[in-house]
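Please open the model in your viewer and keep the selection tool at hand. The tour below proceeds from one selection to the next and states what is to be found at each stop.

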Amino acid sequence: MSVKAKKHLGQHFLKDESVAKNIANTLSYKGYEKILEIGPGMGVLTKYLLDKPIETNVIEIDTESVTYLEENYPKLHGHIISKDFLKYNLNEVFNNEQFAIIGNFPYNISTQIVFKTLEMRNQIPEFSGMFQKEVAERICEKKGSKVYGILSVLAQAFYDAEYLFTVDEHVFDPPPKVKSGVLRLTRKENYKLPCDEKLFFQVVKLAFNQRRKTMRNSLKSMINSDNLKEDSIFDLRPEQLSYEQFINLTQKIAADGV
């Protein structure tokens, strides 16, 4: 039996063993005892994870894939979560422990996977996986680029982001229309921001929602005093600011009395 890829789930099954092995080798497997693979499908990556000295858990929404995994990977018994990653409370399995995330992510939810990881950053020291190439590049991009955006700033504020390698279309079944890219996020040693983190998220999102405007225009609802309004940082557009500058800006806005 094999599983048919389902378009509505954004499934493209990886069939190249060497790529699967390379993805499995992107994590350090240090500083945590459990990993979670998102969207294992027929387990091409899973089998290499099961060889690692770590407890492997998988989360899979597709019931056909779950049946396949249960029949073909006895080591996974008791470690298959048949749920929607985006809606499931992971602490039912991980009990506030540290764990890493890995996967060949469904393209249609890949950015939401990163946002959920950022929400759980206290528990996720390491994250790696495969995205649509341009999404992987965007997450790792530095300031000054047209593709640098909300996800780049938020991910890089808490994690070191590295674009690792590109994967061609033909190694998937069915082949996607675009190339894929594998990245790794490694949580910074000091990942608590020296500013109000909730306000930081608000500032970044508001700035990039109107990315063609200067910061003075996009953030005018947050600026109280004329003194702050004159700060030269507001002459810039959001893609010109590094995550450090966004932290600095958040501190200034907080001090101005939002």
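Begin with the aromatic rings of this predicted model, among which the count of pairs comes to eight. For the first stop, select Tyr148 and Phe208: their ring centres lie 6.1 Å apart and their planes stand at 70 degrees, so the pair is edge-to-face. Tyr148 belongs to the loop between helix H6 (133-140) and helix H7 (150-158), while Phe208 is in helix H8 (residues 197-209), so the pair ties together parts that are 60 residues apart in sequence. Are these two residues buried or exposed? Tyr148 has a relative accessibility of 1% and therefore counts as buried, the limit being under 20%. Phe208, at 7% relative accessibility, likewise counts as buried.

Next, select Phe200 and Phe201. Their ring centres are 6.3 Å apart and the planes meet at 85 degrees, so this pair is also edge-to-face. Both residues are buried. Then display Phe105, Phe127 and Phe131, which ring pairs link into a cluster.

Two further rings have a charged side chain over the face. Select Phe85 together with Lys116, which lies over the face of that ring at 4.9 Å from the ring centre. Then select Phe158 with Arg121, which lies over the face of the Phe158 ring at 4.2 Å from its centre.

The next stop is the nonpolar interior. Which residues touch the most other members of the largest nonpolar core? They are Phe200, Phe246 and Leu249, in a core of 56 residues. Select Phe246 and show its surroundings: leaving aside residues up to four places away in sequence, Phe246 touches Val153, Phe200, Val203, Val204, Ala207, Phe208, Met215, Pro238 and Leu241. Two residues from the ring pairs, Phe200 and Phe208, thus reappear in this list of contacts. Apart from the largest core lies another, of 22 residues, including Leu27, Tyr32, Val167 and Val182.

Now select helix H3 (residues 63-72), where Ser65, Val66, Tyr68 and Leu69 are buried. View the helix down its axis: the buried residues fall within an arc of 165 degrees, so they line one face of H3. The face turned away from this buried side carries the exposed residues Thr63 and Glu71. To see what covers the buried residues of H3, add strand S1 (13-14), strand S3 (55-59) and strand S4 (80-81), which are among the covering elements.

Two loop residues merit inspection of their backbone. Select Tyr29, in the loop between helix H1 (17-24) and strand S2 (34-38). Tyr29 has a positive phi of about 60 degrees although it is not a glycine, and its relative accessible area of 13% makes it buried. Then move to Asn95, in the loop between helix H4 (91-94) and strand S5 (99-104). Asn95, also a residue other than glycine, has a positive phi near 45 degrees, but at 51% relative accessibility it counts as exposed.

For the last stop, select residues 19-189. An unreviewed UniProt entry annotates this span as "domain: Ribosomal RNA adenine methylase transferase N-terminal". Within the model, the end C-alpha atoms of residues 19-189 lie 29 Å apart, and the span is 30% helix and 26% strand.

Note on methods:
Residues are numbered from 1 along each chain as its sequence is written. This is a predicted model: local features need pLDDT of at least 70, side-chain atom pairs count only at pLDDT 80 or more; totals for chains, interfaces and linings use all residues. Side-chain values use heavy atoms; hydrogens and water are left out. Helices (H or I, at least four residues) and strands (E, at least two) are DSSP runs, numbered from the N terminus. Buried means under 20% relative accessible area, exposed over 50%, partly exposed in between (1.4 Å probe, protein chains only). A nonpolar core is a set of buried Ala, Val, Leu, Ile, Met, Phe, Trp, Tyr and Cys residues joined through side-chain atoms within 4.5 Å. Contact means heavy atoms within 4.5 Å. UniProt positions are given in the numbering used here, feature names are shortened, and annotations may be inferred rather than shown by experiment. Rings of Phe, Tyr and Trp (its six-membered ring) pair if their centres lie within 6.5 Å; planes under 30 degrees apart count as stacked, over 60 as edge-to-face and the rest as tilted. A charge sits over a ring if NZ of Lys or CZ of Arg is within 6 Å of the ring centre and within 35 degrees of the ring normal. The arc is that of the directions from the helix axis to the C-beta atoms.
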